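Work through the exercises below with the sequence and the model open. Each task is followed by a solution in short steps.

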Amino acid sequence: MSLKPIQRGFSLIEVLVALLVMCIGLLGAAAIQLNALKYTDSSSMRTQASFIAYDMLDRIRANSGANYSLASARAVATSTDTTNPRAYDWSDFKSNIATFSNNTGEGTIAIASNVITITITWDDSRAGMSLNAINATTVTNPTTTQTFTLVSRAFNNATVTQ
């Protein structure tokens, strides 16, 4: 009858393998956390663009007799003149876009046959290329520019002057 030696403790190799497995798991968790932060920031920017577009749509509807067509929000002069609602609204629109996008955003307003189209674009370099890769199967020109477009029909009977 032979006696087998009793094995006590871990060998150094077992400890190193366990440490390697744990490090790989921690690196994976860190990568997931970084992606979550990128997409949360991108989602927040899209939400802010939505709020800005809907705010501008409400202003257009409130002042339905004025022509709010705007080729570029960047070209709008800053106005604090509350007696001219359109100039004041455009100025707020420009300011809101610049604030949320760190001055990388642009806004346009197109009105045709009582159909209002508000488009806001901004640089989302933190998550832009990843989002484009998710949203399209083939990305030929990867870009970090994101766009939010709001299209609505004017609900009142007033005709917007072209």
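**Exercise 1.** How many residues lie between strand 1 and strand 2 in the hairpin, and which residue in the turn has a positive phi?

Solution. The model used here is a predicted one.
- Step 1. Locate the two strands: strand 1 covers residues 106-112, and strand 2 covers residues 115-123.
- Step 2. Look at the connection. The two strands form a hairpin with two residues between them, and Ser-113 in the turn has a positive phi of about 55°.
- Step 3. Check the residue type. Most residues other than glycine have a negative phi. Ser-113 is not a glycine, yet its phi is positive.
- Step 4. Look at the other loop position. Asn-114 is also found in the loop between strand 1 and strand 2, and its phi is positive as well, about 65°, although it is not a glycine.
- Step 5. Decide whether Ser-113 is covered. Its relative accessible area is 64%, so Ser-113 is exposed.

**Exercise 2.** In which sense do strand 1 and strand 2 pair, and over how many bridges?

Solution.
- Step 1. The pairing of strand 1 with strand 2 is antiparallel and runs over seven bridges.
- Step 2. For one example, take Ile-109, whose bridge partner in strand 2 is Ile-118.

**Exercise 3.** Which residues are linked in a network of salt bridges?

Solution.
- Step 1. Recall the principle: side chains of opposite charge can pair when their charged atoms come close.
- Step 2. Apply a cut-off of 4 Å between a side-chain nitrogen of Lys or Arg and a carboxyl oxygen of Asp or Glu. The count by this rule is three salt bridges.
- Step 3. Take the pair within helix 1. Asp-55 forms a salt bridge with Arg-59, with 3.1 Å between the closest N and O atoms. The two residues are four apart in helix 1, so about one helical turn separates them.
- Step 4. Move to helix 2. Arg-59 also forms a salt bridge with Asp-89, the closest N and O atoms being 3.0 Å apart. Arg-59 lies in helix 1 and Asp-89 in helix 2, so this pair ties together parts that are 30 residues apart in sequence.
- Step 5. Add the remaining pair. Arg-59 forms a salt bridge with Asp-92, again with the closest N and O atoms 3.0 Å apart. Asp-92 is in helix 2, so its pair with Arg-59 ties together parts 33 residues apart in sequence.
- Step 6. Put the pairs together: Asp-55, Arg-59, Asp-89 and Asp-92 are linked in a network.
- Step 7. Compare the surroundings. Asp-55 is partly exposed, with a relative accessible area of 30%, whereas Asp-89 is buried at 9%.

**Exercise 4.** What covers the buried residues of helix 2?

Solution.
- Step 1. Check the length of the helix. At 1.5 Å a residue, its 17 residues should span 24 Å, and the end C-alpha atoms are 24 Å apart, which agrees.
- Step 2. List the buried residues of helix 2: Asp-89, Trp-90, Ser-91, Asp-92, Phe-93, Ile-97, Phe-100 and Ser-101.
- Step 3. Find the cover, which includes helix 1, strand 1 and strand 2.
- Step 4. Look past the helix. Asn-102 follows helix 2 and has a positive phi, near 55°.

**Exercise 5.** Is Leu-26 buried or exposed?

Solution.
- Step 1. Place the residue: Leu-26 is found in helix 1, residues 12-62.
- Step 2. Use the cut-off for exposed, over 50% relative accessible area. Leu-26 has 55%, so Leu-26 is exposed.
- Step 3. Find its company. Leu-26 forms a nonpolar surface patch with Leu-12, Val-15, Leu-16, Leu-19 and Met-22, and together they have about 610 Å² of accessible area.

Conventions
Residues are numbered from 1 along each chain as its sequence is written. This is a predicted model: local features need pLDDT of at least 70, side-chain atom pairs count only at pLDDT 80 or more; totals for chains, interfaces and linings use all residues. Side-chain values use heavy atoms; hydrogens and water are left out. Patches are made of residues with over 30% relative accessible area and no salt bridge: like charges are joined within 9 Å, nonpolar side chains (Val, Leu, Ile, Met, Phe, Trp, Tyr) within 5 Å. Accessible areas come from the Shrake-Rupley method with a 1.4 Å probe; for residues, only the protein chains shown count as cover. Buried means under 20% relative accessible area, exposed over 50%, partly exposed in between (1.4 Å probe, protein chains only). Two strands pair if DSSP finds at least two bridges between them. The expected span of a helix is 1.5 Å times one less than its number of residues. Contact means heavy atoms within 4.5 Å.
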